[in-house]
Amino acid sequence: MSSSRCIFIFLVILLIVFGLSRLGGTISFAQSNSQLLPLQGFTAFDTPNDVGDSVGLIWKVSENDREGVHYIVSTAPSQEGGGDGQWTKLDPILSTTCYKSDFPQYFGIDESNKLWHFYEVSVTTTTYFKLAITDGVNIVEFPSVVSATPKGNWFDTSKVNILVCVIFFSGLIMFFIRAARHNPNLFIRHIPGLDAIEETIGRATEMGKPILYLNGLHGMDSLSTIASISILSKVASKVANYDSQIKVPCYDPIVMSVCQEVIKEAYIAAGRPDAFKSDNIFFITNDQFAYAAAVEGMMMRDKPAANLYMGYYYAEALLLSETGAATGAMQIAGTDSITQLPFFITTCDYTLMGEELYASSAYLSREPLQLGSLKGQDVSKALIILILFIGSVLTTFGVTFLTNLFRTF
Amino acid sequence: MEEKNNKIDIILLLVFTALLLGVNIYLFAGKILPVNAIGIGIVIAAILTLSLYSFLYKDNPFFKIAENLFVGAGMGISVVIIWFNYLKPELYKPLIRYAVRDNIPGEPNFWLIIPMLLGLFMFARFLKKTMWLSRWSFAFIIGGGAGISIPVVIHSFILKQIEPSLQPVFVDGSFTLQSINIILLLSGTISVLIYFFFSTPHTGIVGNISRLGIWFLMVAFGASFGYTVMGRMSLLIQRIQFLLTDWLKINIQ
């Protein structure tokens, strides 16, 4: 084969390759155009479960979605656009993000949610929306304009499971309160710290020194303070019977007033209204460390026989209990403050941990209301243990139904 | 013996006072600290810090002064905060202002009369005849508080805890280190829940499981203790840094 023939064949091959490559490019370009398919299902609606400060936009996931392709949402106050007919473009949305399935609080847990895009826009009045898709070169718009008006919702459907739990647990507790009214001798296990309370009152009486009772730093809306007041009532009753003395320095003025009432009633019930001194229940300050400093000073000067810390505490817990331990007082603490429990455990003679604080008031009073509540909570705990066990087994085998029931948003 | 201790205390007190005076005079005279509000503020802060730390020795007049100052200042600040953060924006501006001043734009919010009355009822406690009115306020506070906190407790302490506990033990079909983690989490949660079960005596199998629960609790408390102590140490370091660098101007770098 001559060299000219070789060159000719080479050129022909080159031409064929070039032609094919051009053809391929055209095909590729045509594919790029054809991949920006028309948008489907673009709808606007009031976002559910909100206060009326946003609307939601949904549209179908399409084959257009890939890296480099963005959706563009434009807004305007009227169908014709803004005052100058212009539409405001929002930030581009990457086509591989923002799915309905990312917002289970609005749409629940459903596999079909993965087939829809969702975008939330903060607006307070009726707003019109346009949707377009672009790959940087081509733009395809949704043919029509949609609109929505935001409205506040009275009912948050994402919190239905909380409502069901409240009704169920409340029902359980009410059932057991009824049961406790019929049988007030329902069993409650022994709580060691509580026996020590009587011991502390006896000790204080023998030493002729007061008992210092602290309610913690929370107000009357806190469960731990309510439990603390309930225990205070029983302690005050015993103090009145033993003719001892109780001092209650308060952090909150409302708690102080409640304490005064409770202790007064306890003294009256014990037949010792004359022994009640309202001055012994006093407000110090509602500054955390100033309160701690004042109580520490009292501990050092009065040297109380016993210190009882019931309620919710913060960083002052160790300051108080360490000073109390240094004075040689017998100390009993009860708190549901998880971060402060270690300090009470190390510095106090007895510590009521978490729910033991609530159980203590029922244990001491034997009132059907409190006994029933405690029993109801016990049954609730048993059910939770069962749910945890069954749920874990089911989840291990890929059944997520139970997990989804307890999902919160 | 007690008399001797008292004498020692008085001597220590005098030495402490003399030292404080001497050091501060030296700092001002030597122009190490400026004789202005900043300098005087630093000195007061340092004296109060040392006075409060003097409690580590025993109760003393310095501590008492600092304590009373602290309580008084704390109370004063909280009164100011209550006025500017609560009463003024929530009650005075939207309601009372319209009654005491003329030509105020807008309309008063008469709904605020209800919480205002509930607040005033608290003062009814000062008179025996009207004392019962304060119970309305208490009933509102306690009832409202319980109503708000119950759903929050169920959300945060029950549902939010159950959801992450329900994890598959086998990760991608195999038993891994994460599986051990999940088993530990589950057994810890269940055993601690059983410890806080009050309806059955803690004997036999329930007793054993609750003992395991106590172990889990103590491990958690130990970790929390260590973490908080480290936090307190950093507070102490911060205070010492203030005394050395801001007050005494000693370069500790």
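In the predicted model, Ala44(A) stands opposite Leu57(A) in strand 2 of chain A. Ala44(A) itself belongs to strand 1 of chain A; helices (H or I, at least four residues) and strands (E, at least two) are DSSP runs, numbered from the N terminus. Strand 1 and strand 2 (residues 55–60) of chain A run antiparallel and are joined by four bridges, where two strands pair if DSSP finds at least two bridges between them. A neighbouring position, Phe45(A), stands opposite Gly56(A) in strand 2 of chain A. This is a predicted model, in which local features need pLDDT of at least 70 and side-chain atom pairs count only at pLDDT 80 or more, while totals for chains, interfaces and linings use all residues. Residues are numbered from 1 along each chain as its sequence is written, chains are lettered from A and ligands numbered from 1 in the order in which they are written, and side-chain values use heavy atoms, with hydrogens and water left out.

Ala44(A) is buried, with a relative accessible area of 13%; here buried means under 20% relative accessible area, exposed over 50%, and partly exposed in between (1.4 Å probe, protein chains only). In a regular strand the side chains alternate between the two faces of the sheet. Strand 1 of chain A shows this alternation: Ala44(A) and Asp46(A) point to one face and are buried, whereas Thr43(A) and Phe45(A) point to the other and are not. Leaving aside neighbours within four places in sequence, Ala44(A) is in contact with Gly56(A), Leu57(A), Phe129(A), Val146(A), Ser147(A) and Ala148(A), contact meaning heavy atoms within 4.5 Å. For a sense of scale, the C-alpha atoms of Ala44(A) and Thr327(A), 283 residues apart along the chain, are separated by 69 Å.

Strands 1 and 2 are part of an open sheet of three strands in chain A, ordered 1-2-6 with antiparallel pairing. The edges of this sheet are strand 1 (43–46) and strand 6 (116–121) of chain A, each pairing on one side only. From one strand to the next, the twist averages 25°; axes are lines fitted to C-alpha atoms, for helices over the stretch in contact, and angles run from 0 to 180 degrees between N-to-C directions.

Chain A also holds an open sheet of six strands, in the order 12-11-10-13-14-15, and here the pairing is parallel. Strand 12 (281–283) and strand 15 (350–353) of chain A are its edge strands, each with pairing on one side only. The twist in this sheet averages 15° from one strand to the next. At one end of the order, strand 11 (residues 246–250) and strand 12 of chain A pair in the parallel sense over three bridges, with Pro249(A) opposite Phe282(A) in strand 12 of chain A. Helix 10 (residues 355–365) of chain A lies across strand 13 (306–312), strand 14 (330–335) and strand 15 of chain A, and runs at about 100° to strand 15 of chain A.

Two residues of helix 10 can be looked up from another residue, Ser224(A), which is found in helix 5 (residues 223–242) of chain A. Outside the neighbours within four places in sequence, Ser224(A) is in contact with His218(A), Gly311(A), Tyr312(A), Asp336(A), Leu357(A) and Tyr358(A). Ser224(A) is buried, with a relative accessible area of 1%. The side chain of Ser224(A) also makes a polar contact of 2.8 Å with the side chain of Ser222(A); a polar contact is a pair of N or O atoms within 3.5 Å, and within protein, one must be able to donate a hydrogen and the other to accept it, while residues adjacent in sequence count only if both atoms are side-chain atoms.

The two chains also meet through helices. Helix 11 (residues 368–396) of chain A and helix 6 of chain B pack at an angle of about 165°, with their axes 10 Å apart. These helices are therefore roughly antiparallel to each other (angles under 35 degrees count as roughly parallel, over 145 as roughly antiparallel, 65 to 115 as roughly perpendicular and the rest as oblique). Lys381(A), Ile384(A), Ile385(A), Leu388(A) and Ser392(A) of helix 11 of chain A make the contact with Leu186(B), Thr189(B), Ile190(B), Leu193(B) and Ile194(B) of helix 6 of chain B.

Ser199(B) lies in the loop between helix 6 (177–195) and helix 7 (204–247) of chain B. With a relative accessible area of 18%, Ser199(B) is buried. Polar contacts link the side chain of Ser199(B) to the side chain of Lys375(A) at 3.2 Å and to that of Asp378(A) at 2.5 Å.
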